[in-house]
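I opened the notebook to look up charged side-chain pairs. My plan was to go pair by pair and check burial along the way.

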Amino acid sequence: MSHVHHPFLHQKIRRPAPPQFAHLCKSHAIPNIHPPIHVIEGTIVSFSPALHRTPDLFTVQYDGSHSGGFTERLTAQEVEAGLALMEKRLTSCLTGSSIEEERERLSHYEQIMKERYELGMEVKVSHEIIWKLTLVAAMEMEYEHRVGERLGQLQSTRKSGDGGGCGGNGRASSVTCRYYREHPTSYLGGQFVPSQKVGTDDTLGKAALEEMEKEGKVVFAPSVIAQRVKTGIAKACEYYQNTVAGYLEPSRRSTRIASSSGPVVKPNILEVGGAVALTLLQMLEQVDDAVWGQGGERLRTTDGGDADANVAANVVEGDEEEEEALNPYFKPTAYMIFDHLRGIRSTTANDIQVAICYAMEDSVPMTLPLLDLGSISEELVPHPWYKVALQCETGETVKKLHSYDPSLFSRCKFKLVLEKDENEDYLAHVNGDDEQGQGMNEEEKRKSQVTTLEDA
C-alpha cells in the first residue's frame with residue numbers, strides 16, 4: 001500500500017534547514033538575518049498512506065551540495081507548509097514568527113553541540129593526554145633529583161680528594177699532587193681497573209644499576225605533579241601559539257603580540273616543565289600527521305604505515321585488551337586540543353586525580369635517561385624496553401583512590417616505578433644479538449678478565 005499515487009508527488013517544497021543536516025544538501029541563507037538561517041528545497045518522491053497509528057507520510061529527497069544529500073519523511077501538514085513557502089520569494093519566504101522560532105531552534109542546537117564538544121574534549125584529553133603528561137612530569141622531577149644527587153656525590157668526592165696536600169708543613173696547597181688524586185699506575189705505567197662502588201662510580205655495571213634503581217627515589221604529592229604539568233602545558237601552548245596557531249588566528253591583536261614578542265625558543269628538555277612541553281608538542285604533531293577516513297577511522301599513522309596493520313601487530317594471543325574505539329563523529333584537530341588546553345581547564349584537582357589513577361594502571365616509555373644520567377639529548381628518546389608508571393606509597397588501591405574526595409586524595413603520596421617490557425629488543429639485548437649488546441658484553445667480559453688477573 002506504500003508508494004501510491006498522490007497529487008503532491010514530484011512537486012518541490014521549501015522549508016527551513018535543520019541545523020544538523022544543513023551541511024548535507026544545497027541550502028540558501030536568508031539575507032540580513034543573524035545568526036544565518038538557511039532554507040532547503042527538495043522533491044517529493046513517494047507517498048505512504050496512513051496505517052494504524054501512522055499518519056500519511058511523504059518522502060522528500062534533497063540534493064547534496066557535492067554528492068549524496070539526504071531524505072526525510074514529512075506529514076501532510078508539513079508538506080503543505082513547504083508548498084506554500086515554495087510559492088514565495090526566497091528572500092521573504094519566512095515570516096517574523098518563523099524566523100524567531102528558527103533562531104531558538106538554532107540557539108538550542110548550538111548549545112547542545114557546545115556541551116557535547118566540551119564533553120568530548122574532556123574525555124579525549126583525560127584519556128589520551130593528561131595522564132601521560134603526569135608520568136612525564138614525574139619522570140622530570142625524578143631525573144632532577146637523581147642528577148642533583150649524583151652531582152653532590154661528585155662534589156663530595158672531589159673535596160675529599162683535595163683534602164690532602166703535598167707540603168711538608170701539613171698545610172693543603174692550592175694544587176695537590178697527583179699522588180693524592182690518582183692511582184700510581186695511571187701516571188707510572190701499568191694497568192689499573194678502579195674498584196666498583198655502588199652508587200658512586202660511573203663504571204658500575206648497567207645491569208646492577210638498573211636492578212638497584214628500578215624504583216623512584218622521590219615521593220610526589222598530587223599538587224606538585226599538577227603544578228609541573230601546568231608549567232609544561234603553559235610552555236607548550238606558548239610555543240605552539242607563536243609558531244603554528246598564530247597563522248590560524250589572523251587578527252590585529254595576534255599580529256601585534258607576535259611582532260612585539262622576541263624570538264621563538266623551543267622548550268628545553270632541562271628546564272622546569274621542558275619535558276612535559278616537548279611531549280605535548282609531539283602529541284599535537286602526531287594528531288596533525290594522522291590521516292582520517294570519512295567514518296572516523298585512522299587510515300595512516302605518523303610513521304606512514306597502515307593503522308590496522310600496526311594494531312594487529314601489537315595484539316598478543318591471550319590478551320584481553322580491547323582495541324580502542326574511536327568516535328567516528330568526533331575528530332579533534334591539534335588546534336582544537338591546543339585551544340582546550342590553553343585555558344588550563346584540564347588540570348583541576350579532579351582531572352589530576354583521574355590522571356594519576358590512569359598512570360597507575362598504564363605506563364609510557366621512559367623518555368629521560370633515569371638509568372644513564374650522562375646520556376641526555378635535546379629531544380625525548382623513548383627507551384626500547386623500559387616503561388614508567390606510578391604507584392601509591394600510602395597503600396591505597398586504584399579503586400579506592402577513584403572514590404576519594406580531592407581533599408583526601410591530596411594527602412596521598414606516589415612514587416615512580418620502572419617496568420621492564422621484555423620485548424624483542426630486550427631479548428636481543430640480553431642474548432647479545434644486537435650490536436650494542438655485543439659491544440657491552442665484550443666490554444664486561446674484558447673487565448671481568450682483567451679483574452681476575454689482578455686478583456691472581
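I fixed the burial terms before anything else: buried means under 20% relative accessible area, exposed means over 50%, and partly exposed lies in between (1.4 Å probe, protein chains only). The model is predicted, so I kept its limits in view: local features need pLDDT of at least 70, side-chain atom pairs count only at pLDDT 80 or more, and totals for chains, interfaces and linings use all residues. Residues are numbered from 1 along each chain as its sequence is written, and side-chain values use heavy atoms, with hydrogens and water left out.

Entry 1, the search. I looked for salt bridges (a side-chain nitrogen of Lys or Arg within 4 Å of a carboxyl oxygen of Asp or Glu). The whole structure gave 13.

Entry 2, Arg 342. I found Arg 342 in a salt bridge with Asp 339, at 2.7 Å from N to O. Arg 342 counts as partly exposed because its relative accessible area is 34%. Asp 339 is also partly exposed, at 29%.

Entry 3, Arg 228. I found a salt bridge from Arg 228 to Glu 140, with the closest N and O atoms 2.7 Å apart. This pair links distant parts of the chain: Arg 228 sits in helix 6 (residues 222-248), Glu 140 in helix 2 (residues 96-161), 88 residues apart. I took helices as DSSP runs (H or I, at least four residues), numbered from the N terminus. Both partners, Arg 228 and Glu 140, are buried.

Entry 4, Glu 144. Arg 228 also forms a salt bridge with Glu 144, at 3.1 Å between the closest N and O atoms. Here too helix 6 and helix 2 are linked, with Arg 228 and Glu 144 84 residues apart. Is Glu 144 buried or exposed? I noted it as partly exposed, since its relative accessibility is 35%. Arg 228 is buried, at 12%.

How values were computed. Helices (H or I, at least four residues) and strands (E, at least two) are DSSP runs, numbered from the N terminus.
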